[in-house]
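User: I should like to learn how to read the secondary structure and packing of a model. Please take me through one example.

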Amino acid sequence: MNPRFLPGRNMAMKVPTHEYTSTVAFYRETLGLKELTPNDADGEQTPRFEFGDKVLWLDRVAGVSQAEIWLEIVTDDLDAASAFLQQQHCARRDEIEPLPDGFRAFWISSPANIIHLISEQKPS
């Protein structure tokens, strides 16, 4: 049986340093999207905005020349998803960004080189 895949709630835009401030201002001030960035955490927070039923995260990334979109896909069986995607010759890309300890997820690349976070979400 193939695993079930669904769109996740999160999208990340990886933005070059030289375009970051103007990109955040575009979503915050020009478009006036509802900001979801928490105010109570210490240090610099990644700005995030309501984007329909999704959350758009704006990450500053040094060393990239243009913005990239990364998407989240959720599955209820991460191990089956990993095996299935390997059989489909999807490139694992776990080297691109570390994930928190204990977070059940991994990175892949689509044939068009769009990065996807495959994360486990158990049915509620």
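User: What span should the 14 residues of H1 have, and how far apart are its end C-alpha atoms?

Analyst: This is a predicted model, in which local features need pLDDT of at least 70 and side-chain atom pairs count only at pLDDT 80 or more, while totals for chains, interfaces and linings use all residues. Residues are numbered from 1 along each chain as its sequence is written, and side-chain values use heavy atoms, without hydrogens and water. Helices (H or I, at least four residues) and strands (E, at least two) are DSSP runs, numbered from the N terminus. The expected span of a helix is 1.5 Å times one less than its number of residues. For the 14 residues of H1 this gives 20 Å, and the end C-alpha atoms lie 19 Å apart, which agrees.

User: Which residues of H1 are buried?

Analyst: An α-helix has 3.6 residues a turn, so residues three or four places apart point the same way. Buried means under 20% relative accessible area and exposed over 50%, with partly exposed in between (1.4 Å probe, protein chains only). In H1, Tyr-20, Thr-23, Val-24 and Tyr-27 are buried. They lie on the same side of H1, because their arc around the axis (taken from the directions from the helix axis to the C-beta atoms) is only 100°. The face turned away from this buried side carries the exposed residues His-18, Thr-21, Glu-29 and Thr-30.

User: What covers the buried residues of H1?

Analyst: The cover includes E1, E2 and E3, where contact means heavy atoms within 4.5 Å.

User: In what order do the strands of the sheet run?

Analyst: Strands of a sheet pair through backbone hydrogen bonds, either parallel or antiparallel. Two strands count as paired if DSSP finds at least two bridges between them. Here an open sheet of 7 strands follows the order E2-E3-E1-E4-E7-E6-E5, with mixed pairing. E1 and E4 are antiparallel, joined by 7 bridges; Met-11 stands opposite Leu-71. E4 and E7 pair in the parallel sense over 6 bridges, with Glu-120 as the bridge partner of Thr-75.

User: Which residues form the largest nonpolar core?

Analyst: A nonpolar core is a set of buried Ala, Val, Leu, Ile, Met, Phe, Trp, Tyr and Cys residues joined through side-chain atoms within 4.5 Å. The largest has 9 residues: Met-11, Met-13, Val-15, Tyr-20, Val-24, Tyr-27, Phe-49, Leu-56 and Leu-58. E1, H1 and E3 each give two or more residues to this core. Apart from it lies another core, of 8 residues, including Leu-78 and Phe-84.
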